Amino acid sequence: MSRAGELVELHARSLELAAEVVDGLRPDQLELPSPCAGWTLRRLMGHIVGQHQGFAAAARGAGPDLALWADAPVGDDPAGAFRRTGAELTAAFREAAAAGRDVWLPEIQHGGPFPLAHAVGFHLLDTLVHGWDVAAALGVQAPFTAVVDGDEELAATLLAVAEAVPAAPENRVPGKAFAPRREAGTAGGRFDRALALLGRDPAWKA
């Protein structure tokens, strides 16, 4: 199996772990605040599902069309929307790996096309970090973090991608995907270090 194909299967593991968190999200909790400043869980879930759809379209060969990446409504079934679009994304990534297809990612500065392995790595990071966002909003981040840290391949890949995210000041201003890097501290594992590299506070609580 190619490196891209291996990453697709690792990405599928990350989706399942995040889906298990989202499965616990009730409709009446969608207005809770999340670690994404100013975003409720409803807005966060709309963003996550929209990203699933955007990456799936890109993996199937769509060009740099930002409209394909719009946030998507999740109604009163965020878990169902997450799992449905996540399954579609996994299928699209597997198809792209089999075809050796590069992908366009218009939300990233130069748009691409990017090697599929890079795109899958980007979304694996998004999946786990946003899974943590949901878990933190629900107060269950500790077990989620522990499961990821206990998966050697997943934790190492997450940290490697987080370390590669540009950290220059112009890339970490309001409106960009990530805040300025934080000090990681000494108590946490690789997940906490990845969160700090991306500007998240591993100790965040609602």
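At what angle do the axes of helix 3 (residues 78-99) and helix 4 (residues 116-138) cross, and within what distance do they come? In this predicted model, the two axes cross at roughly 160° and come within 10 Å. Because an angle over 145 degrees counts as roughly antiparallel, helix 3 and helix 4 are assigned to that class. The crossing of helix 3 and helix 4 is left-handed. On the side of helix 3, the contact is made by Leu89, Phe93, Ala96 and Ala97, and on the side of helix 4 by Leu116, Val120 and His123. Sorted by class, the residues of this contact comprise 6 nonpolar and 1 polar, with no charged residues.

Helix 4 also packs against helix 5 (141-149). The axes of helix 4 and helix 5 cross at roughly 155° and come within 8 Å, and the two helices are therefore roughly antiparallel to each other. Helix 4 contributes Leu128, Gly131, Trp132, Ala135 and Ala136 to the contact, while helix 5 contributes Gln141, Phe144, Thr145 and Val148. The contact of helix 4 with helix 5 has 6 nonpolar and 3 polar residues, and again no charged residues.

Glutamine 141, one of the residues in the contact of helix 4 with helix 5, lies in helix 5. Its relative accessible area is 13%, so glutamine 141 is classed as buried. When neighbours within four places in sequence are left aside, glutamine 141 is in contact with Trp132, Ala135, Ala136, Trp204 and Lys205. Of these, Trp132, Ala135 and Ala136 are also among the helix 4 residues that make the contact with helix 5. Glutamine 141 and leucine 89 are separated by 24 Å, C-alpha to C-alpha, and by 52 residues in sequence. Leucine 89 is one of the helix 3 residues in the contact with helix 4.

Helix 7 (residues 190-197) has 7 of its 8 residues buried, and it is therefore largely enclosed by the rest of the structure. The buried residues are Arg190, Phe191, Asp192, Ala194, Leu195, Ala196 and Leu197. The cover over these residues includes helix 4, helix 5 and helix 6 (152-164). Helix 7 is followed by glycine 199, which has a positive phi near 90°. Most residues other than glycine have a negative phi, and most peptide bonds are trans.

A cis peptide bond is found between glycine 112 and proline 113, with omega about 10°. Proline 113 is placed in the loop between helix 3 and helix 4.

The aromatic residues were examined next. A pair of aromatic rings is described by the distance of the centres and the angle of the planes. The structure holds 4 aromatic pairs. One of them is formed by phenylalanine 55 and tryptophan 69, in an edge-to-face arrangement with 4.9 Å from centre to centre and 70° between the planes. This pair links distant parts of the chain, with phenylalanine 55 in helix 2 (residues 41-59) and tryptophan 69, 14 residues apart from it, in the loop between helix 2 and helix 3. Phenylalanine 55 is buried at a relative accessible area of 4%, and tryptophan 69 counts as buried at 5%. Another pair consists of phenylalanine 114 and phenylalanine 122, also edge-to-face, with a centre-to-centre distance of 5.7 Å and 80° between the planes. Phenylalanine 114 is buried, its relative accessible area being 7%, whereas phenylalanine 122 is partly exposed at 29%. Phe55, Trp69 and Phe93 form one aromatic cluster. Phe93 is also one of the helix 3 residues in the contact with helix 4.

Alanine 59 is located in helix 2. Its relative accessible area is 0%, so alanine 59 is buried. Apart from neighbours within four places in sequence, the residues in contact with alanine 59 are Ala92, Phe93, Ala96, Arg101 and Val103. Two of these, Phe93 and Ala96, are listed for helix 3 in the contact with helix 4, and Phe93 belongs to the aromatic cluster with Phe55 and Trp69. The C-alpha atoms of alanine 59 and tryptophan 104 are separated by 8.1 Å, the two residues being 45 residues apart along the chain.

Definitions and conventions: Residues numbered from 1 in each chain as written. Predicted model: local features only at pLDDT ≥ 70, side-chain atom pairs only at ≥ 80, totals over all residues. Heavy atoms only, no water. Axes fitted to C-alpha atoms, helices over the stretch in contact; angles between N-to-C directions. Parallel < 35°, antiparallel > 145°, perpendicular 65-115°, else oblique. Left-handed = near helix turned anticlockwise from the far one by under 90°. Contact = heavy atoms within 4.5 Å. Nonpolar A, V, L, I, M, F, W, Y, C, P; charged D, E, K, R; others polar. Phe/Tyr/Trp six-rings, centres within 6.5 Å; stacked < 30°, edge-to-face > 60°. Buried < 20%, exposed > 50% of the residue type's maximum accessible area, 1.4 Å probe, protein only.
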